[in-house]
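Dear colleague,

I am handing over the structure we spoke about, and below it you will find my notes on what turned up when I went through it. Please read them with the structure open beside you.

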Amino acid sequence: MPTTATMAARTDAPRMDDPNWWRQASVYQIYPRSFADSNGDGIGDLKGITAKVPYLKTLGIDAVWLSPFYPSALADGGYDVDDYRNVDPRLGTLEDFDGMAQALHDAGLKLIVDIVPNHSSDRHEWFQEALAAPKGSPARDRYVFRDGLGDNGELPPSDWVSVFGGPAWERVTEPDGAPGQWYMHIFAKEQPDLNWDNREVREDFLTTLRFWSDRGVDGFRIDVAHALTKNLEETLPSTADLEAQGEALYLEGRHPYWDRDEVHGIYAEWRKVFNEYTPPRTAVAEAWVHADRRARYASPEGLGQAFNFDLLQADFDAGQFRKTITKNLAEAEASGASSTWVFSNHDVVRHATRYGLPASEDSAGGIMAGQAGKQWLVAGGRQEDVDAELGLRRARAASLLMFALPGSAYLYQGEELGLQEVGCEIADADRQDPAFFRNKGVEIGRDGCRVPLPWTSVGSSFGFGPGGSHLPQPEWFGGSSVEAQEAEEDSTLSLYRRALALRSELQTAEALEWLETGRDDVVAFRRPNGWTSVTNFGAEPFKLPAGEVLVSSSPLEAGLLPGAATAWLQ
Ligand code: BGC
């Protein structure tokens, strides 16, 4: 039976000064504009988060990760940052930020914020300066500007396509009014890529990391951590040239902008800044890279931890889960990090919905097509094929399994309510995601997992705030609200609370031992202190091993674990 070696144990609740607090933390992702709105403008804000600290505390998490809350035109939900060291006035002020950080810390919760270093917004003062400055100027050197091809530079420097669709280059109008150079944007055109060969860019981000660390931030989530460094020689390879090189291009770190080896030089500098603090600030990389290259991001000399999206991309399948878990635990151990587990976030279709889809090639993934993911739920799509009840049942089983794994568990707001993705209920006119617009609606985009949370069963925006909601909430949201679930012993919210409380109590050394179940569709493992998790991925009920059942994702039936369910035993 494969087992992983025992690593640093955490047998007590995390202490605020424990340098290893992150290793097995439960981290709750807040998408601030959609969490709680204190002032009724329809947009969630920092005071709204502060007011919900008691809710977060009762949920039983260890830390909160905030998606961007910086000033932004919201061309990409805040991942287009105008000013890295400020708060969007619609979300509050720096004082509100301090108040929120204090409230979280007083409750014993850590705070992680998102850093978006690959690109700024096109409203950032640097980019505005670059537009006003001539070709070849220091201001342009902070970004990736190139002359176009063709007789008059009228063609983009390459045929590269942006992640959101459409060209990855945009032409600017020079200060004298003439059509001019092109700038690179891997994402939306409002997100110009920064030039990480420029020392000023590097220094400025060190300042930003210190700015938030000084304000009490405990860790950072690094957005598209694998894209920063680029090799943009005079003649750029075409997409076909790149494709022809196959997997080797990625494995050898030779892609012109994804996952180049030099990127780790940046993170080595960041690590020095993190280590200036006590306890050291932590970081987790969002890096959609080949699994063989992920460990570099998670090294203790670098960011320290990296997301693996393997479980998120797996089907609800015993074999896939077991293989993925074994591989990722071994990988984390080899890099000195702890593993990360995640099923839902602000970029992918909620797992309660994904798991309700009939099995197909396209049943997992989000918008990261072309890098690692696949897409589904296309416009006019297959929402009618979703079996929401089955999806939720499986999602509860999968989450309970995740909470028993060694490593950090990342949860996304609303999954504790078992929320389904909001699909075709959002009218085209109400959509916000640039992925929707740049794909001309072929891909619905990510708005469906970003709809403001329902706190109450009825009332204005289901308790999200005293006003409306910046994305429309469907009628059925009320039934999934916190209020509706609070008193229900079998609700998903009650399950999460019970499981997270038990997880804190039972947390132990970072190891697991697989148990023989005699069935291919049942997965069971035991942690070093006897904490055992059994998941039945199949349909036939399963006889649990001896022991006290602590919690189960669905009620046992005649003492047996039913299909699509997980139980913990001690
Ligand atoms: C974030 C996305 C964002 C993109 C560009 C991602 O990986 O998670 O929400 O659109 O980076 O910043």
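At what angle do helix 6 and helix 9 pack, and how far apart are their axes? Before the answer, please keep in mind that this is a predicted model. Helix 6, which covers residues 199-214, packs with helix 9, residues 263-274, at an angle of about 30°, and their axes are 10 Å apart. Because angles under 35 degrees count as roughly parallel, helix 6 and helix 9 are therefore roughly parallel to each other. The crossing in which helix 6 passes helix 9 is right-handed.

Following the chain on from helix 9, you will come to the loop between that helix and strand 8 (282-285), where Pro279 is found. The peptide bond that joins Thr278 and Pro279 is cis, with omega at about -10°. A second backbone feature concerns Ser461, which is not a glycine and yet has a positive phi of about 40°; Ser461 lies in the loop between helix 14 (434-438) and helix 15 (482-486). Both features are worth noting, because most residues other than glycine have a negative phi, and most peptide bonds are trans.

The ligand is the other topic. There are 14 residues around the ligand, of which Asp76, Asp223, Glu286, His346 and Asp347 come nearest, and this shell divides into 4 nonpolar, 3 polar and 7 charged residues. In the side chain of His119 an N or O atom is 2.9 Å from an oxygen atom of the ligand, and for the side chain of His346 the corresponding distance to a ligand oxygen is 2.9 Å, while a polar side-chain atom of Arg221 lies 3.0 Å from an oxygen atom of the ligand. Taken alone, the ligand exposes 310 Å², and the protein buries 100% of that area.

With best wishes

Terms used: Residues are numbered from 1 along each chain as its sequence is written. This is a predicted model: local features need pLDDT of at least 70, side-chain atom pairs count only at pLDDT 80 or more; totals for chains, interfaces and linings use all residues. Side-chain values use heavy atoms; hydrogens and water are left out. A residue is near a molecule or strand if one of its heavy atoms lies within 4 Å of it. A polar contact is a pair of N or O atoms within 3.5 Å; within protein, one must be able to donate a hydrogen and the other to accept it, and residues adjacent in sequence count only if both atoms are side-chain atoms. Accessible areas come from the Shrake-Rupley method with a 1.4 Å probe; for residues, only the protein chains shown count as cover. Ala, Val, Leu, Ile, Met, Phe, Trp, Tyr, Cys and Pro count as nonpolar, Asp, Glu, Lys and Arg as charged, and the others, Gly among them, as polar. Axes are lines fitted to C-alpha atoms, for helices over the stretch in contact, and angles run from 0 to 180 degrees between N-to-C directions. Helices (H or I, at least four residues) and strands (E, at least two) are DSSP runs, numbered from the N terminus. Angles under 35 degrees count as roughly parallel, over 145 as roughly antiparallel, 65 to 115 as roughly perpendicular and the rest as oblique. A crossing is left-handed if the near helix is turned anticlockwise from the far one by less than a right angle, and right-handed if clockwise.
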